[in-house]
Amino acid sequence: MVPDLLLCLSFGYAAALKPTCLSTQLHSPGDYIIGGLFPFGVDTVNLTARSEPTLVGCEGLFVDGLLWALGMKFAIEQINNSTSLLPGVKLGYNMYDTCFEPVVALQPSLLFLTRNGTRGIGALRNYTDYQPRVTAVIGPHKSDLCLVTAKLFSFFLIPQVSYGASSEQLSNTEQYPSFYRTVPSDKNLVEAVVLLLNTFGWNWIGTIGSDDEYGRGAQGLFSSTAGNHSICIAFEGLIPTDLADPKAQTQLEDIIKLINNSKVNIIVLFAFSQPARALLEHSIRMGLSKKVWIGTEAWMLSDTAASIPNIQSIGTVLGFIMKAGTVPGFQKYVADLFTSLVNSDVLDSHCKQCDHISLQDVASTLSHAQVQPVLVAVYSVAYALHRALGCTHQACPRASVRSWQLLHFMNTLPFEVNGQSFRFDQSHDTNTGYKLIFWSWKNGTLTYLPVGDYEESLYINRSQIWFHTADQKEPTSECFRHCKPGQFRQLKGFHLCCYDCTDCPENTFWSPKDSSTCTPCPEHQWSPVRSMRCYDRSERYLFWNEPLTIALLTLMAITVSLTCSIAALFLKSLKTPLVQASGGERNLFALFTLTLLCLSCCLYIGKPNNDLCMIQQMVSALCLSGCFSTFFIKSLEITLVTEFPRCAPTSLRWVTQRRAWLLVALCLLTQCVFCSCSLHLAPDSLVSDYKSLPTEVLLVCHTGSWFAFALVQGYNGCLASVCFLCTFMVQTSGKKYNIARGITFAVLIYFITSIFFIAFFTTLKTVLRSVTQICTILTTVLGILGTYYIPKCYIILFKPDLNTADYFQYSIKEEPEEDSMSRQ
């Protein structure tokens, strides 16, 4: 870039030293006129003393504004010379001075809104067919001006594309529907600055902004964002924009005193070039110690600030400027333009200051001027016009396009400038990212050295940054003590820097990325108090090798052995009256189902899965149904004999002999139907419980449907209830054996066990739930064995003289017959 500029300066050097009539180049006729608002002047004249609505003038020349205007002229001439973008259509332009003042910018804005060919604005109800003087407006540069002009142009829906306004307010497309910009908003800039401060560990800083929309808006955004990243703002200051005001000097001195009193080493400066220059001049004059100044494009690239005498003494200057590509041929274009206009004597009122400068006056600014945003703004309008007209690469139809018709194409379609693609987002912004710039001084010469960039993340090349400290390392700027690892900063009161160091509680951890709070661990992890990381949870279920499981398995083995022993004894004594009176072969079936019920305890041990969860309840319920079905048949037999003796001879055949097995099968089939319904409704499934245990994940079988659970378990309860009702009132003489009493007590044991089981099963959510299930099964089996089968084993083994037909038959046949005879 610099060699090209030197070549341009050497070309026609003598002519370029002479002043030019550059103001004549700020307007040109065309088929479609584009308005331009640029800050040519610097200081307004007698703005505070203005008592009449006269035209406000400016003094001095703002070189950057002139170069931006020439960038618009350069872009329009490129478009007019293009054979594909707008072939056959000529764009014209009218550029006016804004003087950085809304009052000044309003006059040309109103002129842009006048009806084409007149100087009047019609007061109409409907402006759909209204054709203003300009098709679109480029500019202005400052947010203050755009907030005023954008509402004006948005009423007419005239596209306005700013090349410098960054206020976040302008992203509101409801209030400013026709406003666009080719620079990122302040929100992106603030995020970049916060990342920069965090990278260097600077959390004790001061912020200063110019007392305008840009400075106040950016400062407000920064304050809210910084607070969320543990950055403490020691003070906030505002630089007066009217530096001619006598109070301005006092305000600047107060800001310098604030900086000294706070002892901060880092200052973030959101201001335009003139307010920034005023503050820096006062800093040097009052002997402010060297600081790290974090700036923005609004003043960092301006010669206004860089040309302050002894500017090197302020310390280190870092800041962000928008990523903008070079504009090929622009520097040569400017040099040629100055050379070609040197002999022109035609003056114009658009920019009187422009007629008294030479190429040499703009050379230093031209080397780093950010012209691409202006170019992108002009091309966005040209591409929208291309699509609205329906142009091809050969020609554009002769058609009339209203300004508001361009908005649709600007909102939806991308466009290309110098091989780079651009498009407006939903907020009508273009976020091209930022470059981190370092002011590098060598032999009194300033170089804007790129040392990093920011898009979604921040990259910094620290080796290229030389700080003002003695060892050239980054200075520290911290206001608070550091908490110990695993502690977070709990704020006290209203000041961000006042806090207590508090331990992170269980299942949270402290992260350096967010030191102001503790981050909860993911669900599958845990952490102790004051932890800096999370640990994976171990799985918890009833393990095979833990002592409790071994004890339960031992009890299960004893119960199975006892059941099998009883079955063997009953098989050996199958033809005896006792076994026959108790149900005969059905006793063996009942003991077999009780054995299976005991063995089903193994389903509750070890790591569960969905299949195991589905069959656990059903297996135990079916096995218990098998046992209760034999009790049910025996209870019906007892009831028929004792309560319905006359019906007994005909009905007993259905509950004795082989037909009794049909009832057993029917009972089991009914339970199978209920189990199928349970599977259909909502089968039990495996769930991972992360809340019950602090450091482990509990693997438990979740009851899919309590209705289905009640259906399956309730059926066994119904069988048991029938058995109880049929047997608990049966009486026999002391000389006869009461078979009904064994069934009654067996059922009572089941009821008592079930009550405790349901109470624990519905409330427990630890491994004790599986333990409860196993204990319930074993207690039920041992209760049935102890109340029904073991007394019979005692008679078989130790009282064989009682194992007679007379002793057992009488209890169910003979005694009711005697009772009936005695009644006669």
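The largest cavity in this predicted model holds about 420 Å³ of space. Its lining is made up of 28 residues, and W68, H141, G164, E297 and A298 are the ones nearest its centre. If you want to trace the walls, look at α3 (63-81), α6 (186-200), α10 (297-300) and β13 (315-322), since each of them gives at least two residues to that lining.

There are 8 cavities of 30 Å³ or more. In the second largest, Y604, Q616, V700, C701 and S770 lie nearest the centre. Here α19 (610-643), β27 (696-702) and α24 (768-798) each put at least two residues into the lining.

Here's how the two linings look side by side.

| Cavity | Volume | Lining residues | Nonpolar / polar / charged |
|---|---|---|---|
| Largest | about 420 Å³ | 28 residues | 16 / 9 / 3 residues |
| Second largest | about 230 Å³ | 24 residues | 14 / 7 / 3 residues |

Now for the packed parts. In soluble globular proteins, nonpolar side chains tend to be buried together. The largest nonpolar core in this model counts 69 residues, with F38, M72, L86 and I138 making the most contacts inside it. Helix α14 (residues 372-389) brings the largest share of this core, 12 residues. A separate, second core has 53 residues, including I566, L603, I605 and I796.

So what does F38 touch, once its neighbours within four places in sequence are set aside? Its contacts are G65, W68, A69, M72, M95, Y96, D97, T98, I138, Y163 and V374. One of these, W68, is also among the residues nearest the centre of the largest cavity.

Conventions:
Residues are numbered from 1 along each chain as its sequence is written. This is a predicted model: local features need pLDDT of at least 70, side-chain atom pairs count only at pLDDT 80 or more; totals for chains, interfaces and linings use all residues. Side-chain values use heavy atoms; hydrogens and water are left out. A nonpolar core is a set of buried Ala, Val, Leu, Ile, Met, Phe, Trp, Tyr and Cys residues joined through side-chain atoms within 4.5 Å. Buried means under 20% relative accessible area, exposed over 50%, partly exposed in between (1.4 Å probe, protein chains only). Helices (H or I, at least four residues) and strands (E, at least two) are DSSP runs, numbered from the N terminus. Contact means heavy atoms within 4.5 Å. On a 1 Å grid over the protein atoms alone, a cavity is a set of points where a 1.4 Å probe fits but cannot get out, and a pocket is an open set with protein on both sides within 12 Å along at least five of seven lines; lining residues have an atom within 4 Å of a point. Grid points are joined across faces, edges and corners, and a volume is the space filled by probe spheres set on the points. Ala, Val, Leu, Ile, Met, Phe, Trp, Tyr, Cys and Pro count as nonpolar, Asp, Glu, Lys and Arg as charged, and the others, Gly among them, as polar.
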